[in-house]
Amino acid sequence: MMNNEGDYTVPIIGIDRLRINSDGVGVTTLVCFWGCPLSCQYCLNPQSWRTKTGIRNITPLQLFQEVSIDKLYFFATGGGVTFGGGEPLLYPRFLKEFHEFVEGEWKINLETSLNVPIESLQLIADCIDCFYIDIKDTNNEIYTRYTGKKNERVFANLAWLVEHIGEEKIVVRVPLIPDFNTISNVNDSIKFLKDKYKKITIDQFEYRKG
Ligand code: SF4
């Protein structure tokens, strides 16, 4: 949402403080944006795209001031803020402005599907310490059935990101999705990724239904 310069707001649905080693290294604050281009069947945050209730609009400076309450924990543990959602890459300008306030003093992590225009990624890639990419499944038919969208853009964006920031700053999450893929599909996805990116970190896990 664009107002006057310096008064740029985005919709968020929640701020969760003092998380430990769950969304990045150390103590983190998870900030969830509203809005997502996908419609995943087992979305844990459907309020981030199905309804517009519970939204709060916030500027980068307001968010920086609010999360700074925990900066001593961030300093002590190497933690920081993790942006999730929803899809944080819907708001690259906000992320860039927030990053300018942080001045590299603590970490900024991002949880994303990467199913966004590459321009959004290019704008903020240098501002992010670690990308957590939920790849769903590399099989386009499974991906489309589960999310309602195709996945070609995800791979083009991943290739650009690896080339631009290196594999060390990327964790790819590969879920077992009950009723949508199998452990064999998960292994295929991991092989596909490992064949392309030898040093990439893979996080394999299972979605919960409902
Ligand atoms: S990408 Fe995440 S927020 Fe968006 S619909 Fe899927 S699970 Fe929900």
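This dialogue reads selected features of a predicted model.

Reader: Where should one begin with the ligand, and which residues are around it?

Author: The residues around the ligand are Cys36, Leu38, Ser39, Cys40, Cys43, Asn45, Ser48, Trp49, Gly85, Gly86, Glu87 and Ser113.

Reader: How do the residues of this shell divide into nonpolar, polar and charged?

Author: The shell around the ligand comprises five nonpolar residues, six polar residues and one charged residue.

Reader: Two glycines appear in that list. What kind of peptide bond joins glycine 85 and glycine 86?

Author: The general idea comes before the case. Most residues other than glycine have a negative phi, and most peptide bonds are trans. Here, the bond between glycine 85 and glycine 86 is cis, with omega of about 5°. Glycine 86 belongs to the loop between β4 (80–84) and α3 (92–102), and glycine 85 is likewise found in the loop between β4 and α3.

Reader: Is glycine 85 buried or exposed, and which residues does it touch?

Author: Glycine 85 is buried, because 27 other C-beta atoms lie within 10 Å and a residue counts as buried at 20 or more. Leaving out residues up to four places away in sequence, glycine 85 touches Cys32, Phe33, Gly35, Cys36, Asn45 and Ser48. Among these, Cys36, Asn45 and Ser48 are also residues around the ligand. Glycine 85 and leucine 30 are 55 residues apart in sequence, while their C-alpha atoms are 9.1 Å apart in space.

Reader: Which residues other than glycine have a positive phi?

Author: Leucine 18 is one of them, with a positive phi of about 55°; asparagine 21 is another, at about 50°. Leucine 18 is found in strand β1 (residues 10–20), whereas asparagine 21 lies in the loop between β1 and β2 (27–33).

Reader: Are leucine 18 and asparagine 21 buried or exposed?

Author: Leucine 18 is exposed, with 11 other C-beta atoms within 10 Å. Asparagine 21 also counts as exposed, with 11 C-beta neighbours inside 10 Å.

Reader: How should one read the two sides of a helix, taking α1 as the case, and which of its residues are buried?

Author: The general idea is one of periodicity. An α-helix has 3.6 residues a turn, so residues three or four places apart point the same way. In helix α1 (residues 60–67), the buried residues are Pro60, Leu63 and Val67. Seen down the axis of α1, these fall within an arc of 65°, so they line one face of the helix. On the other side of α1, Gln62 and Gln65 are exposed. The cover over the buried residues of α1 includes β2, β3 (56–58), β4 and α3.

Reader: What is the reach of helix α6 from its first C-alpha to its last, and what is expected?

Author: Helix α6 (residues 152–165) has 14 residues and reaches 20 Å from its first C-alpha to its last, close to the 20 Å expected at 1.5 Å a residue. Its buried residues are Val154, Asn157, Leu158 and Leu161. They cover an arc of only 105° around the axis, which puts them on the same side of α6. The face turned away from that buried side carries the exposed residues Glu152, Ala159 and Glu163. Among the elements that cover the buried residues of α6 are α4 (118–124), β6 (130–134) and β7 (170–176). Just after α6, glycine 166 takes a positive phi of about 90°.

Reader: Which residues of the largest nonpolar core touch the most other members?

Author: In that core of 36 residues, they are Ile12, Phe33, Phe131 and Ile133. Strand β6 contributes the largest share of this core, four residues. Beyond its neighbours within four places in sequence, isoleucine 12 is in contact with Val31, Cys32, Phe33, Trp34, Arg56 and Ile58. A second, separate core of five residues includes Cys40, Tyr146, Ile177 and Phe180; of these, Cys40 is also one of the residues around the ligand.

Reader: Where does asparagine 181 lie, and is it buried or exposed?

Author: Asparagine 181 lies in the loop between β7 and α7 (183–196). It is buried, with 23 other C-beta atoms within 10 Å. Not counting residues up to four places away in sequence, asparagine 181 touches Asp137, Ile142, Leu176 and Val186. The C-alpha atoms of asparagine 181 and arginine 17 are separated by 33 Å, the two residues being 164 apart along the chain.

Key. Residues are numbered from 1 along each chain as its sequence is written. This is a predicted model: local features need pLDDT of at least 70, side-chain atom pairs count only at pLDDT 80 or more; totals for chains, interfaces and linings use all residues. A residue is near a molecule or strand if its C-beta atom, placed from the backbone, lies within 6 Å of it. Ala, Val, Leu, Ile, Met, Phe, Trp, Tyr, Cys and Pro count as nonpolar, Asp, Glu, Lys and Arg as charged, and the others, Gly among them, as polar. The expected span of a helix is 1.5 Å times one less than its number of residues. A residue is buried if 20 or more other C-beta atoms lie within 10 Å of its own, exposed if 12 or fewer, and partly exposed in between; C-beta atoms are placed from the backbone. The arc is that of the directions from the helix axis to the C-beta atoms. Two residues are in contact if their C-beta atoms, placed from the backbone, lie within 7 Å. A nonpolar core is a set of buried Ala, Val, Leu, Ile, Met, Phe, Trp, Tyr and Cys residues joined through C-beta atoms within 7 Å.
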